[in-house]
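The following report concerns salt bridges and the burial of the residues that form them.

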Amino acid sequence: MVNFKWLIKEDVLVFLDDVLCHTKGYEVYLAGGYLRDMYYQKYFNTGNIMVQPKDVDIIFVPVSEVKELPVLGSTYINYDVMAKDIPNVRDNVERVRGMFATWLSTPDVQFIVYDKYLTIQQLAEDMDCNINQAMYNIATGESFCTEAFVQGHDDKVIELLHTFETTRMCNRIIRMNKKFPSYTVVHDISEEDWLEATTKPKVNGGVHCGSFIEE
């Protein structure tokens, strides 16, 4: 099993510790894309192109009735959206908060708050793409990734493992493939739906949102 701690930049580790110290009633994890990109950069990127994480996704899993999300200095909140207001949000998510920390090496931060307890394995398996299924427990230092995560990077294959709204699935695949153009894409989307989704102009609602809730 990969020890993800050694792939995380020092300033991000310090930030994660600060998040943990100011959190009550939640287990806190670094999830998905950041770990994916740092893993790829360490073990698979043989060229000169740097794969930079787009944002830092931090997952909060409730473990107590009394809960408090951290309020951090030198950051600002640019969106805070309840699950009911997020189109096609995955099950188990209560809200998503987007933050910006100008001093951080990856300044865009997302708080993804779950509405029920999931284990580290269940959280990893809840990530939609195989190559994103990785978790790091900030308090304990425990690392976890699925076999699909390891195999996906070894075989250079991107596969959607969850089904949701077609246009969003297409956009997710396209974004993943742009980041990892040497990887092959596997999906069950029909040719007709794929063509429609990939040729339709993308509409931006005018509000900045992070990768978790973007269309």
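## The D128–R172 salt bridge

In this predicted model, the side chains of D128 and R172 form a salt bridge, with an N to O distance of 2.8 Å. The pair joins distant parts of the chain, 44 residues apart. D128 lies in the loop between α3 (120–126) and β6 (134–137), whereas R172 belongs to helix α5. Both partners, D128 and R172, are buried.

## The network around D37

R36, D37 and K179 are connected in a network of salt bridges. Within this network, the side chains of R36 and D37 meet at 2.7 Å, N to O. R36 is buried, as is D37.

D37 also forms a salt bridge with K179, at an N to O distance of 2.6 Å. This contact links distant parts of the chain: D37 is in helix α2 (residues 33–43) and K179 is in helix α5 (residues 166–179), with their positions 142 residues apart in numbering.

## Burial of D37 and K179

The relative accessible area of D37 is 0%, and D37 therefore counts as buried, the cut-off being under 20%. K179 has a relative accessibility of 23%. Because buried residues must fall under 20% and exposed ones over 50%, K179 is classed as partly exposed.

## Salt bridges in the whole structure

A search of the whole structure identifies six salt bridges. Among them are the contact between D128 and R172, the contact between R36 and D37, and the contact between D37 and K179.

Definitions and conventions:
Residues are numbered from 1 along each chain as its sequence is written. This is a predicted model: local features need pLDDT of at least 70, side-chain atom pairs count only at pLDDT 80 or more; totals for chains, interfaces and linings use all residues. Side-chain values use heavy atoms; hydrogens and water are left out. A salt bridge is a side-chain nitrogen of Lys or Arg within 4 Å of a carboxyl oxygen of Asp or Glu. Buried means under 20% relative accessible area, exposed over 50%, partly exposed in between (1.4 Å probe, protein chains only). Helices (H or I, at least four residues) and strands (E, at least two) are DSSP runs, numbered from the N terminus.
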